[in-house]
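Got the viewer open and a selection tool at hand? Here is a short tour, stop by stop, of what to pick and what you will find there.

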Amino acid sequence: MDSTAMSWREHIRQNMRLALPLMIGQLATIGIWTSDTIAMGWIDSSSLAAGALASRFYQPFFFLALGISLAVGPLVAQGIGAGDERQVRRAFRQGMVIAVALGLVTAPLLLFGEQVLVLLGQDPELAAIGQPFLFWSSFGLPFMFLSVVLRQFLISHQRPMPQVIALIIALAANVALNEAFVSGIGPFPAMGLAGIALATTIVYALLCAGLIAYIAMIQPFRDSRPFQRLWVMDWAVTARLLRIGVPIGLTIVAEAGMFIAVTFLIGLFGTAALAAAAIANQIAAVTFMIPIAIAQASTVRVGNFAGAADRANLSRSAGATFWIGIAATAATMAILLIWPEFLIGLFLTGKDAMFAEVMALALPMLLLTALFQIPDGVQAIAMSVLRGVNDTRIPAIVAITSFWISGVAVGALAGFSLGFGPTGVWGGLLLGLSVASLILTMRMMRAMRRIRDGGRILLA
């Protein structure tokens, strides 16, 4: 069903109307992790390095489950576009089941983090300091995964504000609980890194409870009875979610794994280098929330148009989102280039004995982070457009190859064999993201051309 294409101005306006609240929500989400990282750094540089190692250990599990959970968004959006309430309800229900199951399966793996980190050549003392963080984080994984599905359901209905408000409240609660649990306030004992993980676990449990209550009580969600018969498995929908979601998860793991591998490699240069990488990585994660919000909006709108078989608006919406992303990432690049010392200083205390050494190492890393802003945003948005038409398998292969061969391998060569040290290892990220953005943009353009010419819209 083709229709008259809306103007470019209207597509930009509608994409921005959905993306702007999503940006706030994504910044609040990463704000929870960032407040955790800041709390680690305020303990001392050793705690920051240990917390970074612990976080890097469980993030591959988190991102794989995150990617599988994100498959709920395109299927719900396509069901809404096609007017198929049955698909919407079943995709949401099976997504919740998969998310909780993944959380329960992966949580026990965190209990072996200390031993695995030591086997990977990391400092045994830092690994031991980080193990209590992993223990308390394990209880939060099912809630983290479930919250992704609940948020995807609301976003796919183009009603992002409830989850934005919930995330802002969760961020405020996380900051308060970090303060209470780290140093010990009132009845709470001082728990250090373990307190940071416990605070985040509690916050995600409360976030899930709030979103479930909202969906169960508020129209138009209540009438669809989304929580009815949760125990009944729909294996066809589950298979479709996994067919779409596993490549998404592998893609996210490939990119996150690139950052994780780089962090482990930099950890071989010592505590100060690891702390510097943790700071640069967290700042990169914060700025990445801008294009990822634009990408989420793109997946929803492209999915809606794909479900309605509206070829003209599908292609134009994808193009509008692409240029919005370039403009937004150019702005974040400028911010990082103008205020690098100020941004790094947010994560450190001047009383820290390693302050000068960490600052000297973090500065060149942050400048490289500025340079990969546009490539990182472009590859994320191109991937999201392809995700909206269920094209996930080939992009996953592209991402894994680009990130690990062009990124990790070249970075390791530059850092160790060519003598550029931690900065050289971090520089591999720029190359890996640039290669991925180029190839994925070309695939996105080919897909849009195929759709405009009457080819099949949904590939899975």
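Select Gln-158 in this predicted model: Gln-158 sits in the loop between α7 (141-156) and α8 (161-183). Look at the backbone here, since Gln-158 has a positive phi of about 55 degrees although it is not a glycine. Most residues other than glycine have a negative phi. The relative accessibility of Gln-158 is 30%, so this residue counts as partly exposed.

Next, jump to Ala-309, in the loop between α11 (271-307) and α12. Ala-309 is another residue other than glycine with a positive phi, near 55 degrees. With 24% relative accessibility, Ala-309 also falls in the partly exposed class, because buried would mean under 20%.

Now follow the chain into helix α12 (residues 311-338), which gives three residues to a nonpolar patch and is its main contributor. To see the whole patch, select Ile-335, Leu-337, Ile-338, Trp-339, Phe-342, Leu-346 and Leu-367. Together they have about 680 Å² of accessible area on the surface. Pick out Leu-346, which belongs to the loop between α13 (340-345) and α14 (355-371). Leu-346 has a relative accessible area of 39% and is partly exposed.

Time for the aromatic rings: which kind of pair do Phe-259 and Trp-426 make? Eight aromatic pairs are counted in the model. In the pair of Phe-259 and Trp-426, the ring centres are 6.0 Å apart and the planes stand at 80 degrees, so the arrangement is edge-to-face; the cut-off for that class is over 60 degrees. Show helix α10 (residues 235-267), home of Phe-259, and helix α17 (residues 421-452), home of Trp-426: the pair ties together parts that are 167 residues apart in sequence. Both Phe-259 and Trp-426 are buried.

Then select Phe-322 and Trp-323, an edge-to-face pair with 5.8 Å from centre to centre and 85 degrees between the planes. Is each partner buried or exposed? Phe-322 is buried, at 12% relative accessible area, whereas Trp-323 is exposed, at 58%. For one more aromatic stop, display Phe-135, Trp-136 and Phe-139, which form one cluster.

Finish at helix α1 (residues 8-43). Its 36 residues, at 1.5 Å a residue, should span 52 Å, and the end C-alpha atoms are 50 Å apart, which agrees. Centre the view on Gly-31 to find a kink of about 30 degrees in α1.

Methods: Residues are numbered from 1 along each chain as its sequence is written. This is a predicted model: local features need pLDDT of at least 70, side-chain atom pairs count only at pLDDT 80 or more; totals for chains, interfaces and linings use all residues. Side-chain values use heavy atoms; hydrogens and water are left out. Helices (H or I, at least four residues) and strands (E, at least two) are DSSP runs, numbered from the N terminus. The expected span of a helix is 1.5 Å times one less than its number of residues. The bend at a residue is the angle between axes fitted to the seven residues ending there and the seven starting there. Patches are made of residues with over 30% relative accessible area and no salt bridge: like charges are joined within 9 Å, nonpolar side chains (Val, Leu, Ile, Met, Phe, Trp, Tyr) within 5 Å. Accessible areas come from the Shrake-Rupley method with a 1.4 Å probe; for residues, only the protein chains shown count as cover. A salt bridge is a side-chain nitrogen of Lys or Arg within 4 Å of a carboxyl oxygen of Asp or Glu. Buried means under 20% relative accessible area, exposed over 50%, partly exposed in between (1.4 Å probe, protein chains only). Rings of Phe, Tyr and Trp (its six-membered ring) pair if their centres lie within 6.5 Å; planes under 30 degrees apart count as stacked, over 60 as edge-to-face and the rest as tilted.
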